[in-house]
Amino acid sequence: MEQQHHRRPRYKGTHPRKYSEKYKELQPEKYQAEVEKVLRSGHTPAGTHIPIMVEEILEFLQIQPGQTGLDATLGYGGHTRRMLERLQGQGHLYATDVDPIEIEKTRARLAALGYGPEILTVRRMNFADIDQVAPGEKFDFVLADLGVSSMQIDNPERGFTFKQDGPLDLRLDPTSGVPAARRLRELEEDELAALLTENSDEPYAARIAGAVQEAYRRGRPIDTTRQLAGIIEEALSFLPADQRKETVRKSCQRVFQALRIDVNSEFEVLYAFLDKLPGVLKPGGRAAVLTFHSGEDRLVKKAFQQFYRQGVFQEIARDVLRPSAEECRRNPRARSTKFRWAVRSEKEEEGRS
């Protein structure tokens, strides 16, 4: 049977702008030269993700062949692949993710590189349940990269970006929970203002919350990303013209972040992960965590300090580590990254008080 020919997506101008039109970037195996060109320009190719602080993480984890580890946030699998390389075919790596769309793509991508179930176990589950990943097993190393993957941010159908219109969803697992559009309608004005302040330190939280409620009173829908961005822009219309564009952009980022954290219960999930982390580490086991906003970093810092005082961790990062200026130049999405680490006490009997 003759295979049907499919035309490539057509777009206006000389370069594709919409996510769905970037057919070369979305097929990196077929158009490697195009992907390299995008990377050299300091951008992330559509549908992919550039892992952050890889060398620093590997240097700290000190992975040896034969060890057992956990990548608690699989994502695109960039960190996973480098950790698997360090195992040299000996030992085992477990990996978890809640995203049903991306997890299978990454599983297939790693399998094509030779990392099958004999050395890699991928499980679709929330990393709050790290004690259930491999019951009875303890890990030599654990990594948690708390950032949202570029594949999720760039795809307008997922609702993570305000730069293109799409459903206001923001769920990491779109098969469960409540989308952001519905959650937004459920919140009272004071509740929304508090949420924006607590989850993202939004300085104009009260104004934006008031504008959202006013829109609902007037019968205006806020069901898409651009509709919400438009409300934020209107709420900040009082600002001087020369400050407005950049301020609106930053407030949009913070509002979307705050809603994403709420919709996915990210702080509650992180609390559970940090509480269970010492219990899944072997004596001397190493844990690395990448955070991307101050709320996450505060939780990680506080938990690590508490376990250090209790003798559960024998060593923790005294200062937060940041990506180099060169890495931030190559990958602007690395700029907000903070890296903290901890080492489990060598003495198994040392417990938590």
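A salt bridge is a side-chain nitrogen of Lys or Arg within 4 Å of a carboxyl oxygen of Asp or Glu. The exercises below apply this rule and others to a predicted model.

**Exercise 1. The chain as a whole**

Task: State how many helices and strands the chain contains, and what percentage of its residues is buried.

Solution.
Step 1. The chain holds 13 helices and 7 strands.
Step 2. Of its 353 residues, 50% are buried.
Step 3. The exposed surface amounts to about 18100 Å², and carbon and sulfur atoms supply 47% of this area.
Step 4. Among contacts between residues at least 6 apart in sequence, 71% join residues at least 24 apart.

**Exercise 2. A salt bridge between two helices**

Task: Determine why Arg 82 and Glu 55 form a salt bridge, and where in the chain the two partners lie.

Solution.
Step 1. The closest N and O atoms of Arg 82 and Glu 55 are 2.7 Å apart.
Step 2. The cut-off is 4 Å, so the pair qualifies as a salt bridge.
Step 3. The pair links distant parts of the chain: Arg 82 belongs to helix 3 (residues 78–87) and Glu 55 to helix 2 (residues 54–61), 27 residues apart.
Step 4. Arg 82 has 27% relative accessibility and counts as partly exposed; Glu 55, at 45%, is partly exposed.
Step 5. Salt bridges that share partners join Glu 55, Arg 81, Arg 82 and Glu 85 into one network.
Step 6. By this rule, the count comes to 26 salt bridges.

**Exercise 3. Two further salt bridges**

Task: For the salt bridges Arg 185 with Asp 223 and Arg 329 with Glu 326, state how many residues separate the partners, and classify Arg 329 as buried, partly exposed or exposed.

Solution.
Step 1. In the salt bridge of Arg 185 with Asp 223, the closest N and O atoms are 3.0 Å apart.
Step 2. These partners are 38 residues apart: Arg 185 is in helix 6 (residues 180–186), and Asp 223 is in the loop between helix 8 (205–217) and helix 9 (225–235).
Step 3. In the salt bridge of Arg 329 with Glu 326, the corresponding distance is 2.8 Å.
Step 4. Both of these residues lie in helix 13 (residues 325–330), 3 residues apart, or about one turn of the helix.
Step 5. Exposed means over 50% relative accessible area; Arg 329 has 51% and is therefore exposed.
Step 6. Glu 326, at 38%, is partly exposed.

**Exercise 4. The nonpolar cores**

Task: Identify the helix that supplies the largest share of the largest nonpolar core.

Solution.
Step 1. The largest nonpolar core has 34 residues, and those touching the most other members are Leu 168, Leu 184, Leu 196, Val 212, Ile 222 and Leu 228.
Step 2. At least two residues of this core come from each of helix 6, helix 7 (189–200), helix 8, helix 9 and helix 10 (241–263).
Step 3. Helix 10 gives the largest share, 7 residues.
Step 4. Leaving out residues up to four places away in sequence, Ile 222 touches several residues, including Leu 168, Leu 184, Val 212 and Leu 228.
Step 5. Another core, of 33 residues, lies apart from the largest one; among its members are Val 269, Leu 281, Phe 304 and Phe 313.

**Exercise 5. A residue in a strand**

Task: Decide whether Thr 96 is buried or exposed, and name the residue whose backbone oxygen lies 2.7 Å from its side chain.

Solution.
Step 1. Thr 96 is found in strand 2 (residues 92–97).
Step 2. Buried means under 20% relative accessible area; Thr 96 has 1% and is therefore buried.
Step 3. A polar atom of the Thr 96 side chain lies 2.7 Å from the backbone oxygen of Ala 72.
Step 4. Beyond its neighbours within four places in sequence, Thr 96 is in contact with residues including Leu 70, Ala 72, Met 125, Phe 127 and Val 133.

Notes
Residues numbered from 1 in each chain as written. Predicted model: local features only at pLDDT ≥ 70, side-chain atom pairs only at ≥ 80, totals over all residues. Heavy atoms only, no water. Helix = DSSP H or I, 4+ residues; strand = E, 2+ residues; numbered from the N terminus. Buried < 20%, exposed > 50% of the residue type's maximum accessible area, 1.4 Å probe, protein only. Core = buried A, V, L, I, M, F, W, Y, C linked by side-chain atoms within 4.5 Å. Contact = heavy atoms within 4.5 Å. Areas by Shrake-Rupley, 256 points an atom, 1.4 Å probe, with all protein chains shown as cover. Polar contact = N/O pair within 3.5 Å; in protein donor to acceptor, adjacent residues only side chain to side chain.
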